[in-house]
Amino acid sequence: MRHLLDTRDLARTEALEILDVAEDMADTQRREVKKLPTLRGKTVVNLFFEDSTRTRISFEAAAKRLSADVINFSAKGSSVSKGESLQDTAQTLQAMGADAVVIRHGASGAPRTLATSGWITAGVVNAGDGTHAHPTQALLDAFTIRKRLFGDDSRGRGLDGIRVTIVGDILHSRVARSNVWLLHTLGAHVTLVAPPTLIPQDVSGWPVEVEYDLDRAIAAGPDALMMLRIQLERMNAAYFPTEREYSRRYGLDARRLDALPDGSIVLHPGPMNRGLEISAEAADSPRSTVLEQVANGVSVRMAVLYLLLAGARTDSEKEDLR
Ligand code: NCD
């Protein structure tokens, strides 16, 4: 793997390889000493033009546990706020010897521009670009679903026949877009639930069903329900009458939580608006995978950095992970 830009480009075998290596990484994270020497001497730059806590920290932890050197670059307080272009920033990183650049950017397509521009030779990982894609989030979500539904040793398995329902602000969500493509590639059935104003125009070309009624979607018996954050910061118009009304029709409250089939799980990428798209009962219930998603995120990002920077595994490297 040279770059990770979008889950739409991932073949099933590539996606499964990332999930399986993440499973190996998760095993190493149960040891007392969590650090592996694998990426010693490599430099990973976290280039964040948009606010983020968990994604940036997760990539930082992942790189450090593989013994890479990490440089955190956030646009606030940097020359970017003085008008430096993406090209100049990239060329600076290249001169510093970056081996991988993890980029989050408000503009959809910025990571691909960086990867294909010729400005840098580093591998590029998209950590979220505009409303377009967030591939490592989708991978950690798929990993979490697989682990919860099939147990720890589910290497090689896809999500064939699993029903995943994604609820909420689909329009502004790069998490939803990346999940749709990855879940489809892994064999899951995906249903999107939202008010019509929060369903994108181009959804007719996506491999999904669309439902406007959350209670009906829950009655259909999903294996996993993914609640999305209402992205007020990306909303420049009124997409629903009031927050109260949204919550009443599309929020996961205690009653809807009870109506879910036994064994089904609830995901949320964070940060959560408690009381808006998800109630405290749902967020803190045993069905909720919110904290597992955070922990799994580190393993998945370790796998991605490893596959990007260490290339195909030799047998002795495989032994090191055991
Ligand atoms: C998501 C994001 O930034 O796209 N969060 C995350 O990566 N943890 C989802 C969101 O902001 O709602």
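In this predicted model, Pro271 is a good place to start: this residue sits in the loop between β9 (265–267) and α10 (280–283). The peptide bond that joins Gly270 to Pro271 is cis, with an omega of about -5°.

A second loop also deserves a look, the one between α2 (54–65) and β2, where Ser67 is found. Although Ser67 is not a glycine, its phi is positive, at about 70°. The relative accessibility of Ser67 is 14%, and because buried means under 20%, Ser67 counts as buried.

From this loop the chain leads to the sheet. Four strands build an open sheet with parallel pairing, and their order is β2-β1-β3-β4. The edges are taken by β2 (69–74) and β4, each of which has a single partner strand, so one side of each is left without a neighbour in the sheet. From one strand to the next, the twist averages 15°. Strands of a sheet pair through backbone hydrogen bonds, in either a parallel or an antiparallel way. Helix α3 (residues 86–95) lies across three of these strands, namely β1 (43–48), β2 and β3, and runs at about 160° to β1.

The pairing at the β4 edge can be followed residue by residue. Strand β3 (residues 100–105) and β4 run parallel and are joined by five bridges. Ala100 has Gly123 of β4 as its bridge partner, while His105 stands opposite Asp129 in β4. Together with helix α4 (residues 110–116), β3 and β4 make a β-α-β unit, which is right-handed. Is strand β4 buried or exposed? Seven of the seven residues of β4 (residues 123–129) are buried, so this strand is largely enclosed by the rest of the structure. Thus β4 is an edge strand of the sheet and is nevertheless largely enclosed.

Beyond the sheet, two helices meet. Two packed helices are described by the angle between their axes and the distance between those axes. For helix α5 (residues 135–150) and helix α11 (residues 290–309), the axes come within 8 Å and cross at roughly 115°. The crossing of α5 past α11 is right-handed. On the α5 side, the contact is made by Thr136, Gln137, Leu139, Leu140, Asp141, Phe143, Thr144, Lys147 and Arg148. On the α11 side, Glu292, Gln293, Asn296, Gly297, Val300, Arg301 and Val304 take part. Sorted by class, the residues of this contact between α5 and α11 are five nonpolar, six polar and five charged.

Terms used. Residues are numbered from 1 along each chain as its sequence is written. This is a predicted model: local features need pLDDT of at least 70, side-chain atom pairs count only at pLDDT 80 or more; totals for chains, interfaces and linings use all residues. Side-chain values use heavy atoms; hydrogens and water are left out. Buried means under 20% relative accessible area, exposed over 50%, partly exposed in between (1.4 Å probe, protein chains only). Helices (H or I, at least four residues) and strands (E, at least two) are DSSP runs, numbered from the N terminus. Two strands pair if DSSP finds at least two bridges between them. A crossover is right-handed if, with the strands pointing away from the viewer, the path from the first strand over the helix to the second runs clockwise. Axes are lines fitted to C-alpha atoms, for helices over the stretch in contact, and angles run from 0 to 180 degrees between N-to-C directions. A crossing is left-handed if the near helix is turned anticlockwise from the far one by less than a right angle, and right-handed if clockwise. Contact means heavy atoms within 4.5 Å. Ala, Val, Leu, Ile, Met, Phe, Trp, Tyr, Cys and Pro count as nonpolar, Asp, Glu, Lys and Arg as charged, and the others, Gly among them, as polar.
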